[in-house]
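The following note is offered to a colleague who is beginning to read protein structures. Please keep the model in view while going through the numbered points.

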Amino acid sequence: MTTLNMIPSLPLESTDAERMAHYEKLRVRLLLLLKGEYDPIATMATVVCELHHAFDYFHWTGFYRNISGELVIGPYQGSHGCLRIAFNRGVCGAAARTKTTQLVNDVHTFPGHIACSSSTQSELVIPWVNEAGELMGVFDADSDFPAAFTQADADAIAELLQYLRAVLS
Ligand code: SME
(Lines give C-alpha, C1' and ligand atoms only; values in the text may rest on other atoms or scores of the structure.)
Protein backbone atom coordinates (compact mmCIF):
# COMPACT_ATOMS: atom_id res chain seq x y z
CA MET A 1 0.00 0.00 0.00
CA THR A 2 1.12 3.55 -0.74
CA THR A 3 1.82 5.77 2.30
CA LEU A 4 0.29 9.23 1.99
CA ASN A 5 -0.22 11.92 4.61
CA MET A 6 -3.75 13.29 4.86
CA ILE A 7 -4.38 16.39 2.77
CA PRO A 8 -5.37 19.66 4.48
CA SER A 9 -9.09 19.90 5.19
CA LEU A 10 -11.08 22.18 2.85
CA PRO A 11 -13.16 24.87 4.65
CA LEU A 12 -16.94 25.23 4.31
CA GLU A 13 -16.65 28.63 2.62
CA SER A 14 -14.87 27.09 -0.40
CA THR A 15 -16.30 27.75 -3.84
CA ASP A 16 -17.58 24.96 -6.07
CA ALA A 17 -14.45 25.31 -8.20
CA GLU A 18 -12.23 24.84 -5.13
CA ARG A 19 -14.33 21.87 -4.04
CA MET A 20 -14.05 20.24 -7.47
CA ALA A 21 -10.28 20.73 -7.51
CA HIS A 22 -10.09 19.11 -4.07
CA TYR A 23 -12.17 16.12 -5.20
CA GLU A 24 -9.86 15.68 -8.17
CA LYS A 25 -6.87 15.51 -5.77
CA LEU A 26 -8.80 12.94 -3.74
CA ARG A 27 -9.63 10.87 -6.80
CA VAL A 28 -5.95 10.63 -7.70
CA ARG A 29 -5.05 9.72 -4.09
CA LEU A 30 -7.74 7.05 -3.91
CA LEU A 31 -6.57 5.47 -7.16
CA LEU A 32 -3.08 5.25 -5.64
CA LEU A 33 -4.25 4.04 -2.24
CA LEU A 34 -6.64 1.45 -3.65
CA LYS A 35 -4.45 0.17 -6.50
CA GLY A 36 -4.96 -3.59 -6.71
CA GLU A 37 -7.46 -3.66 -3.85
CA TYR A 38 -10.60 -5.67 -4.58
CA ASP A 39 -12.19 -6.03 -1.15
CA PRO A 40 -15.36 -3.89 -0.84
CA ILE A 41 -14.99 -3.21 2.90
CA ALA A 42 -11.35 -2.16 2.51
CA THR A 43 -12.39 0.09 -0.37
CA MET A 44 -15.38 1.67 1.41
CA ALA A 45 -13.33 2.26 4.59
CA THR A 46 -10.57 4.00 2.65
CA VAL A 47 -12.99 6.18 0.67
CA VAL A 48 -14.79 7.21 3.86
CA CYS A 49 -11.54 8.00 5.68
CA GLU A 50 -10.24 10.15 2.84
CA LEU A 51 -13.48 12.09 2.37
CA HIS A 52 -14.09 12.59 6.09
CA HIS A 53 -10.70 14.16 6.69
CA ALA A 54 -10.48 16.15 3.46
CA PHE A 55 -13.42 18.50 4.18
CA ASP A 56 -14.09 20.57 7.32
CA TYR A 57 -17.82 20.18 6.81
CA PHE A 58 -18.06 16.37 6.82
CA HIS A 59 -19.03 15.45 10.38
CA TRP A 60 -20.39 11.96 9.70
CA THR A 61 -19.31 10.07 6.61
CA GLY A 62 -20.19 6.51 5.74
CA PHE A 63 -21.85 3.80 3.72
CA TYR A 64 -25.07 1.91 4.34
CA ARG A 65 -25.37 -1.42 2.48
CA ASN A 66 -28.56 -2.82 1.02
CA ILE A 67 -28.94 -6.14 2.79
CA SER A 68 -32.18 -7.85 1.76
CA GLY A 69 -34.07 -4.58 1.37
CA GLU A 70 -32.81 -2.90 4.52
CA LEU A 71 -29.95 -0.42 4.89
CA VAL A 72 -27.31 -1.81 7.23
CA ILE A 73 -24.42 0.32 8.37
CA GLY A 74 -21.04 -0.12 6.69
CA PRO A 75 -17.69 1.58 7.22
CA TYR A 76 -18.07 5.09 8.63
CA GLN A 77 -16.32 7.90 10.51
CA GLY A 78 -17.90 10.23 13.04
CA SER A 79 -20.11 9.52 16.03
CA HIS A 80 -22.43 6.49 16.17
CA GLY A 81 -24.68 6.00 13.17
CA CYS A 82 -28.02 4.16 13.21
CA LEU A 83 -27.27 0.49 12.61
CA ARG A 84 -30.24 -0.25 10.36
CA ILE A 85 -32.54 2.02 8.35
CA ALA A 86 -35.72 0.88 6.61
CA PHE A 87 -36.23 2.10 3.04
CA ASN A 88 -39.30 4.04 4.16
CA ARG A 89 -37.39 6.09 6.73
CA GLY A 90 -35.21 9.15 6.64
CA VAL A 91 -33.00 10.72 4.01
CA CYS A 92 -31.06 7.49 3.46
CA GLY A 93 -34.29 5.56 2.96
CA ALA A 94 -35.49 8.14 0.42
CA ALA A 95 -32.24 7.82 -1.57
CA ALA A 96 -32.51 4.02 -1.48
CA ARG A 97 -36.20 3.95 -2.42
CA THR A 98 -35.95 6.41 -5.29
CA LYS A 99 -32.34 5.71 -6.32
CA THR A 100 -31.84 9.47 -6.51
CA THR A 101 -29.40 11.76 -4.71
CA GLN A 102 -30.84 13.61 -1.72
CA LEU A 103 -29.22 17.00 -1.09
CA VAL A 104 -30.86 18.34 2.07
CA ASN A 105 -29.93 21.86 3.19
CA ASP A 106 -31.92 21.67 6.43
CA VAL A 107 -32.63 18.20 7.81
CA HIS A 108 -35.27 19.60 10.17
CA THR A 109 -37.53 20.26 7.20
CA PHE A 110 -37.13 16.75 5.78
CA PRO A 111 -40.12 14.54 6.65
CA GLY A 112 -38.99 11.54 8.69
CA HIS A 113 -35.38 12.58 9.02
CA ILE A 114 -33.61 10.27 11.48
CA ALA A 115 -31.55 12.28 13.94
CA CYS A 116 -28.67 9.93 14.76
CA SER A 117 -26.92 13.05 16.03
CA SER A 118 -28.75 16.14 17.25
CA SER A 119 -25.97 18.33 15.86
CA THR A 120 -26.65 17.39 12.22
CA GLN A 121 -27.98 20.30 10.14
CA SER A 122 -27.59 19.21 6.52
CA GLU A 123 -27.07 15.99 4.66
CA LEU A 124 -26.07 14.48 1.31
CA VAL A 125 -27.05 10.92 0.42
CA ILE A 126 -26.04 9.32 -2.87
CA PRO A 127 -27.35 5.96 -4.07
CA TRP A 128 -24.73 3.39 -4.97
CA VAL A 129 -26.00 1.30 -7.86
CA ASN A 130 -24.30 -1.56 -9.72
CA GLU A 131 -24.06 -1.92 -13.49
CA ALA A 132 -27.34 -3.82 -13.59
CA GLY A 133 -29.02 -0.84 -11.91
CA GLU A 134 -29.49 -2.70 -8.60
CA LEU A 135 -29.14 -0.74 -5.38
CA MET A 136 -26.05 -1.87 -3.48
CA GLY A 137 -26.37 0.78 -0.76
CA VAL A 138 -26.02 4.50 -0.18
CA PHE A 139 -23.21 6.88 0.66
CA ASP A 140 -24.20 9.32 3.44
CA ALA A 141 -22.49 12.53 4.55
CA ASP A 142 -23.88 14.64 7.41
CA SER A 143 -22.76 18.10 8.42
CA ASP A 144 -23.20 20.15 11.58
CA PHE A 145 -23.33 23.23 9.31
CA PRO A 146 -26.58 24.18 7.53
CA ALA A 147 -26.52 23.87 3.72
CA ALA A 148 -22.96 22.55 3.82
CA PHE A 149 -23.09 20.48 0.66
CA THR A 150 -23.54 21.79 -2.86
CA GLN A 151 -24.28 20.14 -6.18
CA ALA A 152 -20.50 20.07 -6.71
CA ASP A 153 -20.12 17.70 -3.72
CA ALA A 154 -23.00 15.55 -4.98
CA ASP A 155 -21.62 15.32 -8.54
CA ALA A 156 -18.03 14.66 -7.48
CA ILE A 157 -18.93 11.91 -4.99
CA ALA A 158 -21.30 10.27 -7.48
CA GLU A 159 -18.45 10.26 -10.01
CA LEU A 160 -16.09 8.78 -7.42
CA LEU A 161 -18.55 5.96 -6.75
CA GLN A 162 -18.65 5.28 -10.50
CA TYR A 163 -14.86 4.88 -10.59
CA LEU A 164 -15.05 2.42 -7.74
CA ARG A 165 -18.06 0.54 -9.04
CA ALA A 166 -16.04 -2.43 -10.26
CA VAL A 167 -14.84 -3.08 -6.70
CA LEU A 168 -17.92 -1.95 -4.81
CA SER A 169 -20.48 -3.95 -6.81
N1 SME B 1 -29.83 11.12 9.12
C2 SME B 1 -29.97 9.94 8.36
C3 SME B 1 -29.67 8.71 9.16
C4 SME B 1 -28.28 8.27 9.08
S5 SME B 1 -27.30 8.95 10.19
O6 SME B 1 -27.53 10.28 10.48
C7 SME B 1 -25.78 8.49 10.13
C8 SME B 1 -31.31 9.80 7.66
O9 SME B 1 -32.27 10.50 7.98
O10 SME B 1 -31.36 8.99 6.77
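1. Helices α1 and α4 are roughly parallel to each other, since angles under 35 degrees count as roughly parallel, over 145 as roughly antiparallel, 65 to 115 as roughly perpendicular and the rest as oblique. The axes of α1 (residues 16-33) and α4 (residues 151-163) cross at roughly 15° and come within 9 Å. Such axes are lines fitted to C-alpha atoms, for helices over the stretch in contact, and the angles run from 0 to 180 degrees between N-to-C directions. The crossing of α1 with α4 is right-handed, a term used if the near helix is turned clockwise from the far one by less than a right angle, left-handed being the anticlockwise case.

2. On the basis of the note: this is a predicted model, in which local features need pLDDT of at least 70 and side-chain atom pairs count only at pLDDT 80 or more, while totals for chains, interfaces and linings use all residues. Residues are numbered from 1 along each chain as its sequence is written. Helices (H or I, at least four residues) and strands (E, at least two) are DSSP runs, numbered from the N terminus.

3. What is the order of the strands in the open sheet? The six strands follow the order β3-β2-β1-β6-β5-β4, with antiparallel pairing; two strands pair if DSSP finds at least two bridges between them. The edges are taken by β3 (84-86) and β4 (102-104), each with a single partner strand, so one side of each is left without a neighbour in the sheet. On average, neighbouring strands of this sheet are turned by 25° against each other, direction ignored.

4. Consider β6 (135-143) and its two neighbours. Strand β1 (residues 60-67) is joined to β6 by six bridges, in the antiparallel sense, and Tyr64 has Val138 in β6 as its bridge partner. On the other side, β5 (residues 122-129) pairs with β6 over eight antiparallel bridges, with Val129 opposite Leu135. Is β6 largely enclosed or open? Seven of its nine residues are buried, so β6 is largely enclosed by the rest of the structure. A residue is buried if 20 or more other C-beta atoms lie within 10 Å of its own, exposed if 12 or fewer, and partly exposed in between, with C-beta atoms placed from the backbone.

5. The remaining pairings are also antiparallel: six bridges link β1 and β2 (residues 70-77), three link β2 and β3, and three link β4 and β5. Examples of bridge partners are Gly62 with Tyr76 in β2, Leu71 with Ile85 in β3, and Gln102 with Val125 in β5.

6. The hairpins deserve attention at their turns. Two residues separate β1 from β2, and Ser68 in that turn has a positive phi of about 50°. Six residues lie between β2 and β3, where Gly78 takes a positive phi near 120°. Five residues lie between β5 and β6, and there Gly133 has a positive phi near 85°.

7. Finally, the ligand has 14 residues around it, of which Gly81, Gly90, Cys92, Ile114 and Cys116 come nearest; a residue is near a molecule or strand if its C-beta atom, placed from the backbone, lies within 6 Å of it. The largest share of this shell, three residues, comes from α3, while α3 (90-98) and β6 each supply at least two. The shell divides into seven nonpolar, four polar and three charged residues. Here Ala, Val, Leu, Ile, Met, Phe, Trp, Tyr, Cys and Pro count as nonpolar, Asp, Glu, Lys and Arg as charged, and the others, Gly among them, as polar.
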